[in-house]
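I opened this one to go through its packing, its charge pairs and its odd backbone angles. My notes follow in the order I looked things up.

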Amino acid sequence: MKNEKGIALLTTLILGLVAVVFISVLLYILSTGTRMSGMIGRYTTSLEAAKGGADLVITKIINDDIKCGGNACTPCPDTPNTNCKIDLQVSNLGGYNLSAYLIGEDSTIYAGTAYRIYAIKVIATKPNSDEKAEIEFVYKIE
């Protein structure tokens with residue numbers, strides 16, 4: 001009978017330790033999930049700003065109004081620079097800084113129809129933050 005009291009105490013301590021570990025793991029999973037959810041939300045917002053910038057560029061392509069620094073753009077496929085930075089007339093969209101670059105341009109004739117093909121990179125960044133989204137797309141116009 002005397003040994004049973006010591007085993008009861010040991011069993012209680014072990015169960016208490018298991019409960020503390022379980023609660024700690026649960027809190028860790030909860031905080032990690034909250035952090036990930038916030039990161040995904042911020043990325044989604046910056047991605048939507050970049051999509052808005054892409055819409056602005058597409059409108060400029062349709063209107064044949066692609067200019068870089070007020071002049072004709074020179075494609076820069078390797079490193080975006082000022083020679084290929086497209087004039088958007090909107091540099092801030094929803095608190096995000098927008099930049100668009102012409103990374104390639106070509107013309108081709110297919111089945112008797114002339115096409116102009118543009119490769120564009122749009123970057124949306126949040127000032128004073130690590131939030132950033134980049135979109136690269138190709139747009140074809142007849």
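**Salt bridges.** I count a salt bridge when a side-chain nitrogen of Lys or Arg is within 4 Å of a carboxyl oxygen of Asp or Glu. This is a predicted model, so I am reading computed positions throughout. I looked up Glu134 and Lys121: their closest N and O atoms are 3.7 Å apart, so the pair makes the cut-off of 4 Å. Glu134 sits in strand S4 and Lys121 in strand S3, 13 residues apart, and the pair links distant parts of the chain.

How exposed are the two partners? Glu134 is partly exposed at 38% relative accessibility, whereas Lys121 is buried, with a relative accessible area of 14%.

Glu134 has another partner, Lys132, with N to O at 3.1 Å. I noted Lys132 as partly exposed, at a relative accessible area of 43%. Which residues are linked in the network of salt bridges here? I wrote down Lys121, Lys132, Glu134 and Glu136. As background, side chains of opposite charge can pair when their charged atoms come close. The structure holds 6 salt bridges.

**Lys60.** I went to helix H1 for this residue. Is Lys60 buried or exposed? I got 9% relative accessibility for Lys60, which means buried, as the limit is under 20%. Lys60 does have a charged partner: a salt bridge with Asp65, the closest N and O atoms being 3.3 Å apart. Asp65 itself is partly exposed, with a relative accessible area of 34%.

I then listed what else touches Lys60, leaving aside neighbours within four places in sequence. Besides Asp65, the contacts are Ile66, Ile86, Asp87, Leu88 and Gln89.

**Nonpolar cores.** Next I checked the packing. The largest nonpolar core has 21 residues, and those with the most contacts inside it are Val57, Ile86, Ile120, Val122 and Phe137. Which elements give two or more residues to this core? They are H1, strand S2 (96-110), S3 and S4. H1 gives the largest share, 5 residues.

I picked Val122 for a closer look. Beyond its neighbours within four places in sequence, Val122 is in contact with Ala50, Gly53, Ala54 and Val57, with Ser99 and Ala100, and with Ala133, Glu134, Ile135 and Phe137. Glu134 turns up again in that list, after its salt bridge with Lys121.

Apart from the largest core lies another one, of 6 residues. Cys76, Tyr101, Ile103 and Ile123 are among them.

**Nonpolar surface.** I also searched the outside for nonpolar side chains. Leu17, Val21, Val25, Tyr28 and Ile29 make a nonpolar surface patch of about 520 Å². I checked Val25, which is in helix H1. Val25 is partly exposed at 45% relative accessibility, so it clears the 30% that patch residues must exceed.

**Positive phi.** Last, the backbone. Most residues other than glycine have a negative phi. I noted two exceptions, Gln89 and Asn128.

Gln89 has a positive phi of about 65°. Where does Gln89 lie? I found Gln89 in the loop between helix H1 (2-62) and strand S1 (92-93). Gln89 is exposed, with a relative accessible area of 66%, and is one of the contacts of Lys60.

Asn128 has a phi near 60°. I placed Asn128 in the loop between strand S3 (113-125) and strand S4 (132-141). Asn128 is exposed as well, at 85% relative accessibility.

Conventions
Residues numbered from 1 in each chain as written. Predicted model: local features only at pLDDT ≥ 70, side-chain atom pairs only at ≥ 80, totals over all residues. Heavy atoms only, no water. Helix = DSSP H or I, 4+ residues; strand = E, 2+ residues; numbered from the N terminus. Buried < 20%, exposed > 50% of the residue type's maximum accessible area, 1.4 Å probe, protein only. Core = buried A, V, L, I, M, F, W, Y, C linked by side-chain atoms within 4.5 Å. Contact = heavy atoms within 4.5 Å. Patch = residues over 30% accessible without salt bridge, like charges linked within 9 Å, V, L, I, M, F, W, Y side chains within 5 Å. Areas by Shrake-Rupley, 256 points an atom, 1.4 Å probe, with all protein chains shown as cover.
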